[in-house]
Amino acid sequence: MTLEGIDPAWLPDEALRRVGARRVRVEGEGLLVDTVRAEVARAVAEFGGSAAADSSGCDLLLTLRADGDQGPEGFTLTRTARRTTVTAAAPAGLLHGFFHVVRLGEAAFTEHPEQTHRPALALRMLDHWDNVDVHPVMGQVERGYAGGSLFWKDGRARGDLTRVRAYARLLASCGINALAVNNVNVHASETRLLTDRFGEVAAIAGELRHYGIRTHLSVNFAAPLWAGGLDTADPLDEGVRAWWRAAADRVYAQVPDFGGFVVKADSEGQPGPFAYGRSHADGANLLAEALAPHGGTVHWRAFVYDHKQDWRDRTTDRARAAYDHFAPLDGQFADNVVLQVKHGPMDFQVREPVSPVIGALPRTRVAVELQVTQEYTGQQRHVCALAPMWSQVLGFRPEGDGGPAVGHLAARGGLVAVSNVGDDPFWTGHPLAQANLYTYGRLAWDPDADPHRLLDEWAESTFTPDLTADPERLRSGLRAVLHGSWATYEKYTAPLGVGFMVQPGHHYGPNVDGYEYSPWGTYHFADRDGIGVDRSAATGTGYAGQYAKPWSELYETPATCPDELLLFFHHVPYGHVLHSGSTVIQHIYDTHFEGVEEVEAARAVWAGLEGLMTPARHARVSGLYEEQLRGAREWRDQINSYFLRKSGIPDAHGRRIY
């Protein structure tokens, strides 16, 4: 599906050549089988193959088999000397099997043992923070760095949804199967999407459905007040319960495969059950009751904390808030409630510990929430491939060695991420930011996958048309700029896990004290003697004690805490010696100089790839590298000069600090 002027991302036409040049047979019935059939028809028309009349005369057979055991989305790939065969028990599996063949290319037609592929997580979801109306502060897409919304324009659903279907195709090809179409911060004017304007959501769902993407809607807890004319939203009020049941009935009458509701309640000013003296379980179960007859799910976000705290009060800790709110409620949520927990306790920083909430709710369905849009990791103006970070999160074992990893604990609830896509011709603004969307989908399918292999896989697919002139130079160049980019970004921004230090509001660029005296609870507590937040159980906020052993013991003291999280858990002197052998202050100086040098090197590598790809892609990234280098230098100079003045300790290497 090629759209005029729109980048094909990791599905360029050339990627379909290995399928399109063969004799292909598609067998089975259903909407998604029809989608596979249409994909094949287009590919063979482009590359000279044919749609085989029967299975005996084909090179590639994609077929439904009722006795298969692959589950609703899995598939089996077999290759003999005569034929490659994809079998699936359900149409969604056949769709995923088709895209797997496309991804493998020629390797799909090389003889190998039978392989069965199933997603580790049943729900692999994106949350779009798209505003229906252009918000005066948040704009069209809150925390969006790739232009306007794909779905909404001028306060209504777009009339032409062709690009929405093309987007669904991209998502399905990397394994994503669910999507929320509007911002979790639902404004009063947008609650009508749940009532008389739901037809607009239904139109979007109709496009997403062709690629197996199930539609969800963010709703406001106060909708019965704002859209229903009631005088209360109390979750235990029978009138409120009846209103939500009727709303769910209307929704499913128009979209029978509707996924459910996403809710941000009692968080950052959004209304919720606290106003009525009720718990989060009461609020979530209200909506769960309405959705249950239809098979729908409530995604209740656990991002709840005091955002009006006194910076002088060192006992109040935003990091521990989600655990304090939700751990006591374990076992009280309905079966169709998913508690959506950010992967770290703060807010998608470049380095955070894994949230202890994920391992603290064994009787609750928990989904782990990531952020693909790069709010605190360069806002899609800096190259920052996040797959290595996510892989560390998904591999973390809350109970220590021998216990299940986060990626497996999420099996009951799923993986959810904030989207990074807009109406920019490159989808994500920065062409290399497409890698974050792709690798998120692939890690949601297989949390144990090697993140660097997935980055290579993205590059191989995306640059398939360009791998002709000098393929090894292009491949090695892409690895050089992507694989270490998260570590580079961490080096020139906030050090040792302390987080934030960004410009308030828009969060782009450095401001060491930007949030230091604010009510948001995002402090670093730097003074003349040291830096960091004491979150120990012995002398601090007690946050470290929310973890099970061995993590609670590891994080409790500076002597055992990992270097990369030291300032998240402890306030230490500038002369404190890290496990690396460097002092805290020298680490700050060294990493910020190194980070800039690594950006300079990556920019040079990218410049050397000119002529090996489409000029538009190379030019867009080249321009953004200039901005990244400017930003990295700004971070280096502001951070280093701030801590030179604060500590009074010069750089041991005598480098100039502005």
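Author: Angles here run from 0 to 180 degrees between N-to-C directions, along axes that are lines fitted to C-alpha atoms. In this predicted model, helix H5 (residues 198–208) lies across E12 and E13, and its direction is at about 150° to that of E13.

Reader: Which sheet holds E12 and E13, and what kind of sheet is it?

Author: E12 and E13 belong to a closed barrel of eight strands, which runs E7-E12-E13-E14-E15-E16-E17-E18 with parallel pairing. If direction is ignored, neighbouring strands of this barrel are turned by 25° against each other on average.

Reader: How do you know that E13 and E14 are paired?

Author: Pairing requires at least two bridges between two strands, and strand E13 (residues 214–219) is joined to strand E14 (residues 260–263) by four bridges, the two strands running parallel; they therefore count as a pair. His216 stands opposite Gly260 in E14. Helix H8 (residues 280–291) packs on this sheet, where it touches E13, E14, strand E15 (297–301) and strand E16 (337–342), and its direction makes about 160° with that of E15.

Reader: What makes E7 a partner of E18, and what makes E7 a partner of E12?

Author: The threshold is again at least two bridges. E7 and strand E18 (residues 414–418) pair in the parallel sense over four bridges, with Arg124 opposite Leu415, whereas E7 and strand E12 (residues 178–180) pair in the parallel sense over three bridges, with Ala178 as the bridge partner of Met125. Both pairs therefore meet the requirement.

Reader: Which way do the side chains of strand E7 point, and are they buried or exposed?

Author: Arg124 and Leu126 point one way from strand E7 (residues 124–127), Met125 and Asp127 point the other way, and all of them are buried. In general, side chains in a regular strand alternate between the two faces of the sheet.

Reader: Why is Gln374 called buried?

Author: The word applies under 20% relative accessible area, and Gln374 has 1%, so this residue is buried. Gln374 lies in the loop between strand E17 (365–371) and helix H10 (387–395). Leaving aside neighbours within four places in sequence, its contacts include Tyr145, His382, Cys384, Ala433 and Asn436.

Reader: Why are H18 and H19 called roughly antiparallel?

Author: Angles over 145 degrees count as roughly antiparallel, and the axes of H18 and helix H19 (residues 615–647) cross at roughly 165°, coming within 9 Å; H18 and H19 are therefore roughly antiparallel to each other. H18 passes H19 in a left-handed crossing.

Reader: What does helix H18 contribute to the largest nonpolar core?

Author: The largest nonpolar core has 191 residues, and those with the most contacts inside it are Tyr167, Leu194, Trp244, Trp300, Tyr440 and Phe643. Helix H18 (residues 584–607) supplies nine residues, the largest share of this core. Another core, of eleven residues, lies apart from it and includes Leu123, Ala180, Val184 and Val416.

Reader: Which strands are the edge strands of the open sheet, and what makes them so?

Author: The open sheet of six strands has the order E2-E1-E3-E5-E4-E6, with mixed pairing. Strand E2 (50–51) and strand E6 (112–117) are the edge strands, as each pairs on one side only. Helix H2 (residues 31–47) packs on this sheet, touching E1, E2 and E3, and its direction makes about 165° with that of E1.

Technical notes: Residues are numbered from 1 along each chain as its sequence is written. This is a predicted model: local features need pLDDT of at least 70, side-chain atom pairs count only at pLDDT 80 or more; totals for chains, interfaces and linings use all residues. Side-chain values use heavy atoms; hydrogens and water are left out. A nonpolar core is a set of buried Ala, Val, Leu, Ile, Met, Phe, Trp, Tyr and Cys residues joined through side-chain atoms within 4.5 Å. Buried means under 20% relative accessible area, exposed over 50%, partly exposed in between (1.4 Å probe, protein chains only). Contact means heavy atoms within 4.5 Å. Angles under 35 degrees count as roughly parallel, over 145 as roughly antiparallel, 65 to 115 as roughly perpendicular and the rest as oblique. A crossing is left-handed if the near helix is turned anticlockwise from the far one by less than a right angle, and right-handed if clockwise.
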